[in-house]
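Trainee: I should like to learn how to read a protein model, feature by feature. Where might we begin?

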Amino acid sequence: MTGILNKVVDKSYLTFPYQYTKAEELLASASKPLHLRKRGPLVQAVQGAVQALAEGSPSVEQWRVLADAANIAETMLTMGLFDDPDALFTDAVNAVADLGRKHGHGQAMELDAEQQLHLNDFADAYEQMLAQASERSYIQAHRATERRLRELLMNGIGEGDHEFIVN
């Protein structure tokens, strides 16, 4: 693990409930995507965060929205639900990590033009990904992401280098 920029993670993080229960995962449709009433707010939040970045006025909460979306997309790729032949998701994850790193060091959360383009493309691709993935696959990826992040935060278990920006 590369390090924790803002060392405020403690074991209370482990007491947070998962967003989705195992029962919800099992009851979710294996063939239909998330219902639009659930999918719409997720997509709007990502698009709003990307827009705020473009305007130079992102909040920490908007960065968290992007970080969550990037982490879930990364998990869905790892699960083999999608391909990333043009490294679109990889580039977006790197841009979101750069934003978090800047925030963690007290710098403005700004991207260069290329990074902004990657996030614009990511927002569009994320919307398509949510529209194509089954509800069950999305919930599985969400739960797997939460599990992976908890293990990394608390135990340092995982592949590669990881950097956490939490506050």
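Mentor: Let us begin with a single side chain and its surroundings. The model is a predicted one. Apart from neighbours within four places in sequence, Tyr138 is in contact with Tyr20, Leu34, Leu42, Ile72, Met76, Tyr126 and Leu130.

Trainee: Which residues have the most contacts inside the largest nonpolar core?

Mentor: Tyr138 is among them, together with Val46, Leu66, Leu99, Leu119, Phe122 and Tyr126. This core has 36 residues. The elements that give two or more residues to the core are α2, α3, α4, α5 and α6, the last of these covering residues 135-155. The largest share, eight residues, comes from α3.

Trainee: In what order do the elements run along the chain?

Mentor: From the N terminus on, the order is β-α-α-α-α-α-α-β. The chain therefore has six helices and two strands, where a helix needs at least four residues and a strand at least two.

Trainee: How should I check the geometry of one helix, and what does the check give for α2?

Mentor: One compares the expected span with the distance between the end C-alpha atoms. Helix α2 comprises residues 36-54, and its 19 residues should span 27 Å at 1.5 Å a residue. The end C-alpha atoms of α2 are 26 Å apart, which agrees. After α2 comes Gly56, whose phi is positive, near 80°.

Trainee: Which residues of α2 are buried?

Mentor: A general idea helps first. An α-helix has 3.6 residues a turn, so residues three or four places apart point the same way. In α2, the buried residues are Arg39, Gly40, Val43, Val46, Ala49, Val50, Ala52 and Leu53.

Trainee: What covers the buried residues of α2?

Mentor: The cover includes α3 (60-78), α4 (88-104) and α5 (113-132).

Trainee: Is Asp98 buried or exposed?

Mentor: Here the cut-off matters: a residue is called buried under 20% relative accessible area. Asp98 has a relative accessible area of 18%, so Asp98 is buried. Asp98 lies in helix α4. Leaving aside neighbours within four places in sequence, Asp98 is in contact with Leu111 and Gln115.

Trainee: What can be said of the chain as a whole?

Mentor: Three totals are useful. Of the 167 residues in the chain, 40% are buried. The accessible surface comes to about 9300 Å², and carbon and sulfur atoms hold 50% of that surface. Among contacts with a separation of 6 or more, 79% are between residues 24 or more positions apart.

How values were computed: Residues are numbered from 1 along each chain as its sequence is written. This is a predicted model: local features need pLDDT of at least 70, side-chain atom pairs count only at pLDDT 80 or more; totals for chains, interfaces and linings use all residues. Side-chain values use heavy atoms; hydrogens and water are left out. The expected span of a helix is 1.5 Å times one less than its number of residues. Buried means under 20% relative accessible area, exposed over 50%, partly exposed in between (1.4 Å probe, protein chains only). Contact means heavy atoms within 4.5 Å. A nonpolar core is a set of buried Ala, Val, Leu, Ile, Met, Phe, Trp, Tyr and Cys residues joined through side-chain atoms within 4.5 Å. Accessible areas come from the Shrake-Rupley method with a 1.4 Å probe; for residues, only the protein chains shown count as cover.
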